Structures are given as structure tokens and as C-alpha cells.
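Reader: Walk me through this one, please. Keep it brisk.

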Amino acid sequence: MGSLKKGKFDERLSEIYGEYKDSDYEEIKPKTMIIKNALKTLLIMSLATIISLILRKLGLHESNVIIAFILGVLFVSRSTDGYVYGILAAIIGVLLFNFFFTIPYYSFLVYRTDYPVTFVIMLIAAIITSTLTSRVKTQAKISCIRENRMRILYKISKSLLTAKNKNQIVEVCGDNLIDMFNRTIMVVIVDDKNNLQKPNVYMLNNQYKMDIFESEIELMAIERCFKTGKVVEFEVGNSINSMGYYHPIKGQNIILGVIGIACLEKNTLLENEKILLQSVSTQMALAIEREDLYEKKRQINLETERERLRGNILRSISHDLRTPLTGILGSVSTISDNYDILDNDTKKELLKIIYEDTSWIIHSVENILSMTRIDEGKLEIKKDVEIVEEIVSESISRVTRFSGSHNIKVELPEKVVILFVDGLLIEQVFINLIDNAIKYTQSDSIIKIKVTEKEDNVIFEVSDNGKGIPEEDISTIFDRFYTKTNGESLEKRGIGLGLAICKSIIEAHGGYMKALNNSSGGATFIFSLPGIRSDGNEYKAFDFNS
Amino acid sequence: MNIKPLILIVEDDKPIRRFMKVSLEAQGYKCIETELGNTAITLIFSQNPDIIILDLGLPDIDGLKVIEKVRDSTKARIIVVSARGHEREKVEALDKGADDYLTKPFSVAELLARIRVALRQFDGISDSQGSMLTEFNVKNLSIDFKKRKVTISDEEIHLTPMEYKLIELMSRYAGRVLTHKYIVDEIWGSYFENDTQSLRVFMANIRRKIEKDPAQPQYIITEVGVGYRLVDE
């Protein structure tokens, strides 16, 4: 089994190498490099010789010739790779000097005895020059790479700061890691339940097939890296021979994810690349944990807000229910304790109070029931085709069941008006508005309901001829828990939720609602709903807390 | 009729059961009561009540199950009791064979009105089976089935053939709630099953012709989310 897997793995490895070879991403072969460098060396040294010959023709001292050759060596080591060519150039330089510029000319013989010393010193000077130059060159190259990496690191940390969610974090890191390593990158992070999500693969120039990171071995390696929190890489004799280098993203307490880097052709990462990867993973971990904390904080805020709302509702509800219940309890105990003493009229009166109070409680419960839907934070509306007058008539019949001698007048357009709304909710709006009108006006007042069509909208008006809304209250009347506190109707009680619920319902249907005082001095509530044409959505959830 | 009608109350809440029983007995009806659906089924087969008041939320079995089990074997009128907002449940109960429904909370007056309607229909079935009514009268509205004429306070109302068909259907079942589905099936066949819009428009038009104030109707009552009811008293 093991060997089979190994064989398969090798097969796959060579397959990928084949792909690798076919691609354009191949480094310049060393052979051509050698030829190129050798040619450069020869060219520069020939130039140095020609210059020296000119110098001699001009009759300058031969020390200038030596300097010209050392200059040539300097140029060679600057323009070639490695210091082999520099040293070679130094030797060639000495030989050329010997050949062309020492007497006898054009032979390797020397007559003067001090020339060997000159050669040795020249050679040493040339070699040192060449090695120093090439070292400076490598240093420059390394620092250039380092600078580039630092820039990317800086870029990552900068873009991580602005990342708004985990997906963006992954995106930012993946994109930058490609720039940094020039390899195919895989990033995977955990979800809310601490399970690894689907890996995000970022390909270098789209050159490899997507599934480098999807083979069984790689998945096993990722899993292992995630479980142990340790780096997993290609190692001889390891049970999992993955083609990738996997680095865990370590959070404060848990592993937050895994970064994978494709290492093909046993092209493993350098030590400093690993260190770099580690610093990226640390940055990523910080960003992810920050995102988690932010999310947690948001949840807590939401919870607190909901808790506060619930508290307010409970307080308001219990007050609203306690008052009529006290009335009922008192009336009932009065009747049962003094059954024989009380005359029939008194008993009837007390019973009437019980009836009214109970009706009031029922009405409150309807509103509370709407509130329980809000409790979830969301209210779902189920739209259906409704006829305006059906909603109006149903609301009126519900309200008048409990109301006294108010006159309710309805004005409807000639045409049948059809709406696409949640009938029960719109009914609740009407019930609350009519009920408010009844609650805050004298018993013989006239309540007028008017429906008009205006372009694509249907406008509803509920007005009374009572005392109206105090000017300073108009702006706050739709706020939660507003109740009219001053004025004569103080003894009437109400859950201050009614109007807030109405407004939310209307807005959820895409309409608006407003309150004003009309010409008769009473209050008018106006709301609009879109006509049947303008809405095709059957279900729509909306946030009640917004 | 000398024999007092027998009413079976199936309701799990004791105070409601109690007040229904007291108010019904005060009107001269005989009552038996239970809180369990299974007991109700046994009682229906053994006592053969004339009217069953059935709460849909029972502790042992679903009220709808009770309707299913007894509908074929009893002529009793079934009045379903359910809360507001549970319109689907009501429609289902009505489609399964319930005759009427009451929405909680309801007043005694409403309860008694429904009982009267149910009893009238019960008598109607047992007495005048087959003999079709020739006339329908309620308040100022009268319908002459032979002449296909509808009048309000002796003034003739002009209805289109479809509108007449609708009001005729409703008058035959006056006092009872007819679900949208039932009406559409009866008038148009089942093609329009999911489209109640045309029915609603027809109803709105009929209302405009026979009601003085369509927003506070006297004759055709809308049962929101369920259907329509033509008043019969």
C-alpha cells in the first residue's frame, strides 16, 4: 500500500516536472551563461589591451597600462556573475601585460628581474578587486531582494489593516505571497466552528493545474499541519511526502489556518524565505483574530440592544396589563364578596368594566404578538393580493367591537384598489391608528378614513377631530415607547409601541408614514403603500431594529 | 322541535370550556364536554351530537385529525376554534370538512350566532333535503332564484351573470364561511386554484352594488385569509 502510494507519488511528481519543463518559466541554462560571461571577459580584456596599446603609442608610462588592466578586471567582475571570471580576467590581464608590454614585446619572456614582482602584485590587486566587486554585487542583489520583501510585508500589513472581513484578509495575503515567492500559493482558514474551509488557491501566471493542492497527499499534509500546528514539508523518510510547504497560521490559542506554498522540483524554500513566511503568517493571524474580536463585539452589542429592547417591552407590557387586570380583579372580588348586597345595576356596571378591561387586554396582546416577531430582530412579511376595502372593513369591525360611540366614516375611491401586501400587518396598522384615534378623542368624535390613489401609490389617511398632537411631540411620535403623557387623556393607557410598529410595517412595504395636525385641529396620520404594479417580491425580510 | 340540540365542546382550556358550556346551557342547549381529541371521537360515535365545537390545539391529537376521522360518519356541524393568525389552519380545517370557525378570542354573542347558523343548516339538511329554496331574504336583501333577480329594499340590483352566480352560491350557504378555494372551484372549476385575485375583484364589485358602505359591509363579510360569508340574520 505504502509503496504503491509512493510509486503513484513519483509518477505525479515527474508529471508535474514535465509540465514545468514545457512551460516558459525556465531559468537560463548555465551553459549559455558561461559562454556569455566568457565572451564578456574576453571582450573587456581585449578592449583594455587596445587602450593600453594606444597609451603606449602616446608614450605614457607603463604604470598606466597596469591601471588600465586592473580597470578591465574591475569591469569584468562587475558585469559577470560570480568571481571566477574576475580572477580569470586578472590572470589574463597579467599574461597580456607580460605578452604585449614587457620587453621583449610579443613574448612571455621577461628580461628585467623586477617584473615577476610587478606581476604578482598586479595579480593580487586584480584578484582582490574582482572579489570585492562581486561581493558588493551579491550584497546589493540580496538587499534588493530583502527590500522587495520588506515592501511586500509592509504592503500586506497595510492592506490587512483595511481588510473588512476574513475573505479579504485571505485575498490580500494570497495576492501578496505570490508576488513575494513567485510560486503557487494556497491559503485556508477556519470557519466559525473551527473546521477548515475550502482552500483558496492563488496560481502563478495560471501555469499549473488548479489541483496541485487537491491531491490526497496534499490534503493530508494540510490537515496534519492544521492539527499539529507544525510546519509540514517535503522530507525524505516522512510518512507524508507533500509537494508543498505548509505553514500554520497560529493564533493566540488555536490554529487559525494554513498557508501552503508549492515546492516543485524539490525546489524547497530558503531559510530566510521560511522566516518571511512566518512573519506573514503572524500578521495574518493578528488580522484574523482582530476580525474575530470585532465580530464578537458586534454580536455582543446586538445582544445588548435586543436585551434592552426586550426589557423595555416587558416593562411597558406588564404595566399595560397590570392596570386592566387590577380593574378586573377588583370588580370580580367586589361582585363575589357582596353578591347579595349589590343591586343588579351595580353588578351589571362592574361586569361591564370587566368586559371592557378584558377587551383592552386582548387588544394589547395583539400588539404584543406583533412584537414577538420583532423579538427575533426580523419580521417576515408574507405578501398577498389584498383588496383595500376588505382590510379597512376588517380593521373597523375589530376595533368597534370594543369602542364606544365613535363615528367612523370611510371614503373609498370608485375603482377597486388592489394591493400586494401582508394583509394581517396592514390591518394591524389600521387597528392601531383607529384605536389611537378613539383613545385620544372624545366619545362623539368623528374618525375619518380616506383612501386615494396617486400615481403608483395608494395613500391612506386616518384623521380625527380631537385635540391633535402637541407640536413638540410630532417629531417623536413614531419612536418606540412614546405615549402621550400630558393632556386630558392621561387616564387612557397604551403601549407606546403601536405607532412604532405601524411605521416599521409601512416602511417594510416600501411606503412612508407621517403624522400632522389637520385643519379641524385633530390629528391625521398618513401612510402610503405602493400599488400592485410596482412590486413583484413575494417574501421580504427586513430588519426591525434599523 | 322539542328535543334540545346536543352540543359537544372539545376544548383543553378549562375556563373557556366552562363559559361555553354555561352560556350554551343558558340558551337551552344540552352540552357534553371533553378536553381530549380521542375522547371526542368516541363521544361523537356514541352520543351523536348535532354540533361539535372543536379547538384545533388539543393535548393528545391534532384537531384536524379529529375532523378527518369523524367527517364521513357524522352529519354533525363542526365549528372549529383557532387563534388569529392561524388562517392556514382554518382553511385546512374547512377544506377537510369543518363547517365554520371561530377566532379566539371570541365573544359569547359570536359563539351563539355561529351555533344558530349551524343549527339552521342542520335542520335544513334533515328537513328540506332536495327541495330547493326559491327565495333568499336577509335584512333588505332578497334574491329570487327563479327570476334570478336581486333586490335591495325592493330596488333591483343589476348584476353580471358571474356576479349573480357568486351571490347565489353564497346565499345557498348563507351564514357559513366559504373558503376562496371552495368558491373558485364551484364557479370557475379548479383552473384558477391559486389565483384568488379575480374572485376578490368580483366580490368588491358586488359589494359596491349591494352595500351602502363597502368599508363597513352589512351583507358580505370578509374573513381575512380564509374566504367570505354572506350574513343570514
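Author: Start at E455(A). It is exposed, with 8 other C-beta atoms within 10 Å. A residue is exposed at 12 or fewer other C-beta atoms within 10 Å, buried at 20 or more and partly exposed in between, with C-beta atoms placed from the backbone.

Reader: Before we go on, what kind of model is this?

Author: This is a predicted model: local features need pLDDT of at least 70, side-chain atom pairs count only at pLDDT 80 or more, and totals for chains, interfaces and linings use all residues. Residues are numbered from 1 along each chain as its sequence is written, and chains are lettered from A and ligands numbered from 1 in the order in which they are written.

Reader: Back to E455(A). Where is it found?

Author: E455(A) is in the loop between β9 (446–454) and β10 (457–464) of chain A. Strands here are DSSP runs of E with at least two residues, and helices are runs of H or I with at least four, numbered from the N terminus. The phi of E455(A) is near 50 degrees, which is positive in a residue other than glycine.

Reader: Now D154(B). What is its phi?

Author: About 65 degrees, so positive, and D154(B) is not a glycine. D154(B) is in the loop between β8 (149–152) and β9 (155–157) of chain B. D154(B) is exposed, with 7 other C-beta atoms within 10 Å.

Reader: How about Y512(A): which loop is that in?

Author: The one between α12 (498–508) and β11 (513–517) of chain A. Y512(A) counts as partly exposed, because it has 14 C-beta neighbours inside 10 Å.

Reader: What is Y512(A) in contact with?

Author: Leaving aside neighbours within four places in sequence, I506(A), E507(A), F527(A) and S528(A). Contact means C-beta atoms, placed from the backbone, within 7 Å. Y512(A) and I526(A) are 14 residues apart in sequence, with their C-alpha atoms 8.2 Å apart.

Reader: Switch to the overall picture. How many helices and strands are in chain A?

Author: Chain A has twelve helices and 13 strands. Of its 546 residues, 31% count as buried. Among its contacts between residues at least 6 apart in sequence, 66% join residues at least 24 apart.

Reader: And chain B, how many of each?

Author: Chain B has eight helices and twelve strands. Buried residues make up 35% of its 233 residues. For contacts in chain B with a separation of 6 or more, 57% are between residues 24 or more positions apart.

Reader: Which residues have the most contacts inside the largest nonpolar core?

Author: I434(A), I52(B), I53(B), L54(B), I79(B) and V80(B), in a core of 96 residues. Helix α11 (residues 423–439) of chain A gives the most to this core, with ten residues. A nonpolar core is a set of buried Ala, Val, Leu, Ile, Met, Phe, Trp, Tyr and Cys residues joined through C-beta atoms within 7 Å.

Reader: Is α11(A) mostly covered or exposed?

Author: Mostly covered: 16 of its 17 residues are buried. The end C-alpha atoms of α11(A) are 24 Å apart, which agrees with the 24 Å its 17 residues should span at 1.5 Å a residue. The expected span is 1.5 Å times one less than the number of residues.

Reader: What about α5(A), which residues are buried there?

Author: M122(A), A126(A), T129(A), S130(A), T133(A), S134(A), I156(A) and L160(A). Helix α5 covers residues 115–162 of chain A; its 48 residues should span 70 Å, and its end C-alpha atoms are 70 Å apart, which agrees.

Reader: Helix pairs next. At what angle do α3 and α4 of chain B pack?

Author: Helix α3 (residues 63–70) and helix α4 (residues 87–96) of chain B pack at about 10 degrees, with axes 9 Å apart. Axes are lines fitted to C-alpha atoms, for helices over the stretch in contact, and angles run from 0 to 180 degrees between N-to-C directions. α3(B) and α4(B) are therefore roughly parallel. Under 35 degrees counts as roughly parallel, over 145 as roughly antiparallel, 65 to 115 as roughly perpendicular and the rest as oblique.

Reader: And α6(B) with α8(B), parallel or perpendicular?

Author: Roughly perpendicular. Their axes come within 10 Å and cross at roughly 90 degrees. M162(B), E163(B), L166(B) and I167(B) in α6(B) meet F202(B), N205(B) and I206(B) in α8(B).

Reader: Last one. How many residues does each chain give to the contact between A and B?

Author: Chain B gives 16 residues and chain A gives 16 residues. On the chain B side, helix α8 (residues 197–210) has the largest share, five residues.

Methods
Two residues are in contact if their C-beta atoms, placed from the backbone, lie within 7 Å.
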